[in-house]
Amino acid sequence: MPPADVRLTVEDLVVGFGGNTVLQGVSFSVARGFTGLIGPNGAGKTTLLNAISGYVSPTRGRVLLGDRPLTSLRPHRIARRGLGRTFQTPRLVPELTVWENVMLGLDGHIGWDRKRSHVVSLVRVEELLRQLDLNDWRDHPAASLPFSSQKVVEVARALAADPLVVLLDEPAAGLGPAEVERLIEPLKRRVEERGLAVLIVEHDIELVTRLCSRIVVLDFGQLIADGAPAQVLRLPHVVNAYLGAGVAAVG
Amino acid sequence: MNPAVRYGAIGFGVLALGAGVFFAPAYLNAYLMYLLTWIAIYAIAGTGLTVLMGWTGQIALAHAGLFGVGAYATAYLAGHGWPWPLAALTSSTASAGLGALVGLPAARLRGFYLAIATLAFGELLHQAFVQLTPLSRGPQGMAVVPIQLDGIDTPSLVWYLAMVILAAVMVTLTALGRSRIGRCLKAVRDIEPATGSLGISAMRYKLLAFAISAFLAGLAGAVFGQLITFLTPDLFDLPLLVIFLVQLFVGGVNRLSGALIGAIFVIAVRELLQSHVVSSLVPALVGSGQTLAFGLTLILVVRYLPSGLASLPARLRSRRPRPATLSPME
């Protein structure tokens, strides 16, 4: 049985495509709050998110949400068990309004979870639009939004179903400093309020160190470090594999 | 616009339209009523394609066959003493079941491969109309028992029936498009890989769209039987599929109004091509030449007006010059 605050456990996960092994026996856990997942391009970060959320079938190992195994479940069933996620490029329905796109985060859950009534859904969407400062855009089609707002809408949609764990794939990529603040501050508040567990893939190390109480580092599909940011970012093999001497000072 | 004025205008429009539909048989000649009924029937069938191809992004080429299932099954059941509404509902439901069956390959097939699979299913249905002579009477054809209601002649009754069904379908689908189901269908069309992460089973919604589309095709086919009164397999062959596709793309694939606009277009063009003037000038456009003309129209529309005629008002609005604004320097 995992400790009470651990929401997601990855055990000995192996993923291969053809002859290539992309993830090699990765094990770690995600507790409440933010956990950072970093590593160089091609390290297997997005593959790991895909394996956790059911988009890729692992050849070995398992994933637990709380104490319930997710392995071999299809993505929509995993989402209904309480796993939300975003993608590197926002995947919104262009013709639907912001309100409708956020609502879409709940639509797949209604009817499966009897606790989620329509009224509760409406209230939650209104709350998210207000918290993430999206009210001005609510009736605009997603296609008309700037890229930064599309990213915020996707995060709001991932949070709409009140998941136990959220996987964020490079939420700050392509955003300016002010836009990052606009996304991150309300996200932090929401995570604290709801006691969410977030696994965040991000190349902005300053942001990762600011948000996360723990960092896991992948390199060539292997977990090479797992611990508090201040310790992990000073490890020589992490610096060599990913950061470079200049960035290591940030940690 | 003030909401009271807006709702008043809508109410007045609905009343005027209702009155027009009600009194049309009294003022229009029988042939024109026949064409208008045909338009309404094609519009019902077209809305099914809007749901499936426009909203859900699936390619389905069995629509003519499923239209035929509705026509034949309703005629068969009504011919065996079933009340017409029950026969039509049962046949449309059977058509929906077959539609879901057509949709099963959609779990794994996409694009060209799905098109071929559904086209083959449509052809299979057409062959069934030819070969299953105990049910369909094959190429000899099947007479349709006309519906009757005291005080109304059959053609007027079929007109009212078609328009009531069309109105009900339009209202229902408009609500559906704005509902949770409508949003999920559009998500399957635009962001299918991401739907899983939202708890949405893309397969479930694809099957639902196939079933809704086939139900509407079957329902339209049931009314079509009453209009045409005699069914033969060639009515539900490839040329009808081409007409449905032209209707869909000319009208506008994403909009329900496109199904109606497209239906008006295909019936009007067909009448034009059959008119004495055109047929004497270009004899090739009579008969199978019509399919060729529709096929060419389809190519031109997909190339130059991909969103269809229903999108024209919005396109024109976006091109209208905006009032000049003064920059701070001025």
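This is a guided tour of a predicted model with chains A and B, one selection at a time.

**Whole complex**

Start with everything displayed. The predictor assigns the complex an ipTM of 0.88 and a pTM of 0.87.

**Chain A as a whole**

Select chain A and hide chain B. Chain A holds 10 helices and 10 strands. Viewed along the principal axes, its C-alpha atoms occupy a box of roughly 50 × 40 × 35 Å. The radius of gyration of chain A is 18 Å, which agrees with the value near 18 Å expected for a compact globule because the chain has 251 residues. Of those 251 residues, 48% are buried. Among contacts in chain A with a separation of 6 or more, 67% are between residues 24 or more positions apart.

**Strand 3 of chain A and its partners**

Select residues 33–38 of chain A, which form strand 3. How many of its six residues are buried? Five of the six are, so the strand is mostly covered.

Now add residues 197–201 of chain A, which are strand 8. Strands 3 and 8 of chain A run parallel and are joined by five bridges. To find the register, show Phe34(A): the residue opposite it in strand 8 of chain A is Val198(A).

Next add residues 214–219 of chain A, strand 9. The pairing of strand 3 with strand 9 of chain A is also parallel, and it runs over four bridges. Here Leu37(A) is the residue to show, with Val216(A) opposite it in strand 9 of chain A. When turning on side chains, keep in mind that in a regular strand they alternate between the two faces of the sheet.

**Asp162(A)**

Move to the loop between helix 5 (147–160) and strand 7 (165–169) of chain A, and select Asp162(A) there. What is the sign of phi at Asp162(A)? Phi is positive, about 55 degrees, although Asp162(A) is not a glycine. Asp162(A) counts as buried because 20 other C-beta atoms lie within 10 Å, and 20 is the number at which a residue is called buried.

**The side of chain A that touches chain B**

Bring chain B back. In the contact region, 25 residues of chain A meet 14 residues of chain B. Colour helix 2 (75–80), strand 6 (83–85) and helix 3 (98–107) of chain A; these are the elements that give two or more residues to the side touching chain B. Which element gives the most? Helix 3 of chain A does, with five residues. By class, this side of chain A comprises 11 nonpolar, seven polar and seven charged residues.

**Gly105(A)**

Stay on helix 3 of chain A and select Gly105(A), which lies within it. Is Gly105(A) buried or exposed? Gly105(A) is buried, because it has 29 C-beta neighbours inside 10 Å. Beyond its neighbours within four places in sequence, Gly105(A) contacts Arg157(A), Ala158(A), Ala160(A) and Ala161(A), and also Leu198(B) across in chain B. For a distance check, pick Ile205(A) as well: it is 100 residues from Gly105(A) in sequence, and the C-alpha atoms are 29 Å apart in space.

**Chain B and its two domains**

Hide chain A and colour chain B by pLDDT. The average is 87, and 93% of the residues score at least 70. Residues 323–330 of chain B have a pLDDT below 50, and this stretch makes zero contacts in the model beyond near neighbours in sequence.

Recolour by domain: the domain assignment places domain 1 at 29–233 and domain 2 at 237–312 of chain B. Taken over C-alpha atoms, the centres of these two domains of chain B are separated by 19 Å. Between them, 22 residues of domain 1 of chain B are in contact with 19 residues of domain 2 of chain B.

On the domain 1 side, select helix 2 (30–55), helix 3 (63–79), helix 5 (111–131) and helix 7 (154–178) of chain B, the elements giving two or more residues to that side. Helix 2 of chain B supplies the largest share, 12 residues. The residues on this side of domain 1 of chain B are 14 nonpolar, eight polar and no charged.

**Arg137(B)**

For the last stop, find the loop between helix 6 (133–136) and strand 1 (142–143) of chain B and select Arg137(B). Arg137(B) is a residue other than glycine with a positive phi, near 65 degrees. Arg137(B) counts as partly exposed because it has 18 C-beta neighbours inside 10 Å.

Note on methods
Residues are numbered from 1 along each chain as its sequence is written. Chains are lettered from A and ligands numbered from 1 in the order in which they are written. This is a predicted model: local features need pLDDT of at least 70, side-chain atom pairs count only at pLDDT 80 or more; totals for chains, interfaces and linings use all residues. Two residues are in contact if their C-beta atoms, placed from the backbone, lie within 7 Å. Ala, Val, Leu, Ile, Met, Phe, Trp, Tyr, Cys and Pro count as nonpolar, Asp, Glu, Lys and Arg as charged, and the others, Gly among them, as polar. A residue is buried if 20 or more other C-beta atoms lie within 10 Å of its own, exposed if 12 or fewer, and partly exposed in between; C-beta atoms are placed from the backbone. pLDDT is the predictor's confidence in each residue, from 0 to 100. Domain bounds come from an automatic or database domain assignment. Two strands pair if DSSP finds at least two bridges between them. The radius of gyration is taken over C-alpha atoms; the globule rule is 2.2 Å times the number of residues to the power 0.38.
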